[in-house]
2 protein chains.
Amino acid sequence: MTEQEYLNSYDSSGFQKPSVTVDLVLFTVIKDELHVLLTERTQYPYIGRPALPGVFVRIDETLDEAAQRALYQKTGLHDIYFEQLYTWGGIDRDPRMRIISVSYYALVPEAQIPESEQKKFFPAEEILNRNDLAFDHREIISYGRERIRNKVNYTDIAFSLVPEEFTLPQLQKIYEILLGQKLYKANFRKKIADKIQPTEKLTSGNKHRPSRIYRKKV
Amino acid sequence: MTEQEYLNSYDSSGFQKPSVTVDLVLFTVIKDELHVLLTERTQYPYIGRPALPGVFVRIDETLDEAAQRALYQKTGLHDIYFEQLYTWGGIDRDPRMRIISVSYYALVPEAQIPESEQKKFFPAEEILNRNDLAFDHREIISYGRERIRNKVNYTDIAFSLVPEEFTLPQLQKIYEILLGQKLYKANFRKKIADKIQPTEKLTSGNKHRPSRIYRKKV
């Protein structure tokens, strides 16, 4: 074993190194329901089982870069809202070897997802009631949903799930889906008044009265 | 290189492994000011500079266990409130090699710190205005203080900084220090009313009127 090989496998304190991956929880809203992107495992372990997209962290990329790489490789998407979620360090979470996973969550409006990718998204609620996910990925998804729910009220996170131009009923629907509860229209509008600005446009309003179209205030 | 050595240094995808440490931000309140525990670096790099206590994650311990080990090794403390903070993955954050650091923060009441350890705590505000901390530890402390500030209002985190029995002025002081702002007594008491229960005891009240002593409601 050369010195470099030794340095590669052991820390300076002589401890054997764990491996590090990034796993990504990509959420969107489809048909008024929170959905999450899953891929099918093609390798040992958990072959054929649904799993979060993930990559091993390369020695020359940051964690954020690894998360973006996982996103782009699996969906062709880039430049969307994403944030670190939590780091999972259970000793036996992967049967191959000790793997620490830094999880990220990301949000994308449905309209931005390439058509070929849409079938990879599954209703989060349904997924969380299943037992067939690979690794601890069910727990990671659950934690991601919880984080979003907590952040909806004190950040602008919900805007990452609507297109650039949206109606207020559309935005309210997203808030309700993320929070898991109905909101009163008047309260909702008061709460978001500072965050939005009207455009000149109205929806065509086939069946309903035309609605004003808004953008996020910059 | 044997197969095992290869597995130790490369991921199953053939990438060289980064190292993983846990760094700990231990906060307390001393003399009405938020303090943080620092150790002096005794090894390359940054010899003699202040740094957060940290350990390399062993192959057979979880991240939480590594954080507890760092805490116990450096302070003799255990069984205190701690939580994962954020994982730092900058490529050049350590000049020795690529090291990913999973940071934790912890809170301990001053009264629980062994006397021999008290001198290792420094005012957070002062530390954040200095430029001599090792690695990116200044940034980690800053992020930790921010996290606590955000959590004070919607969790019971402040109770981790008072003894089991406390007066309401004592508790209010802790809230004010963590939030970085004064609170109105009436508002404060309304806010925490559900979280506390009175004991039979009163303070001796040498100079002041005796105060009721409370405990956290269980």
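Start by colouring chain A by domain: residues 16-152 make up domain 1, and residues 162-216 make up domain 2. Keep in mind as you click around that this is a predicted model. Put a marker at the C-alpha centre of each of these two domains of chain A and you'll find them 29 Å apart. Where the two domains touch, domain 1 of chain A brings eight residues and domain 2 of chain A brings eight residues.

Next, go for the largest nonpolar core, which has 44 residues. Select A:Val22, A:Leu26, B:Val22 and B:Leu26, since these touch the most other members. Now show the elements that each give two or more residues to this core: in chain A, strand 1 (19-30), helix 2 (63-75) and strand 7 (99-107), and in chain B, strand 1 (19-30), helix 2 (63-75) and strand 7 (99-107).

Stay with B:Leu26 for a moment. Hide its neighbours within four places in sequence, and its contacts include B:His35, B:Val36, B:Leu37, B:Leu71, B:Thr75 and B:Leu77. Also in contact with B:Leu26 are B:Ile80, B:Ala106, B:Leu107, B:Val108 and B:Phe121.

Last stop: select residues 168-179 and 185-192 of chain B, which are helix 5 and helix 6. Their axes come within 11 Å and cross at roughly 95°, so helix 5 and helix 6 of chain B are roughly perpendicular to each other. Turn on side chains to see who meets whom: from helix 5 of chain B come B:Leu168, B:Pro169, B:Leu171, B:Gln172 and B:Tyr175, and from helix 6 of chain B come B:Lys185, B:Phe188, B:Arg189, B:Lys191 and B:Ile192. Colour this contact by class and you get six nonpolar, one polar and three charged residues.

Technical notes
Residues numbered from 1 in each chain as written. Chains lettered and ligands numbered in written order. Predicted model: local features only at pLDDT ≥ 70, side-chain atom pairs only at ≥ 80, totals over all residues. Heavy atoms only, no water. Core = buried A, V, L, I, M, F, W, Y, C linked by side-chain atoms within 4.5 Å. Buried < 20%, exposed > 50% of the residue type's maximum accessible area, 1.4 Å probe, protein only. Helix = DSSP H or I, 4+ residues; strand = E, 2+ residues; numbered from the N terminus. Contact = heavy atoms within 4.5 Å. Axes fitted to C-alpha atoms, helices over the stretch in contact; angles between N-to-C directions. Parallel < 35°, antiparallel > 145°, perpendicular 65-115°, else oblique. Nonpolar A, V, L, I, M, F, W, Y, C, P; charged D, E, K, R; others polar. Domains from an automatic or database assignment.
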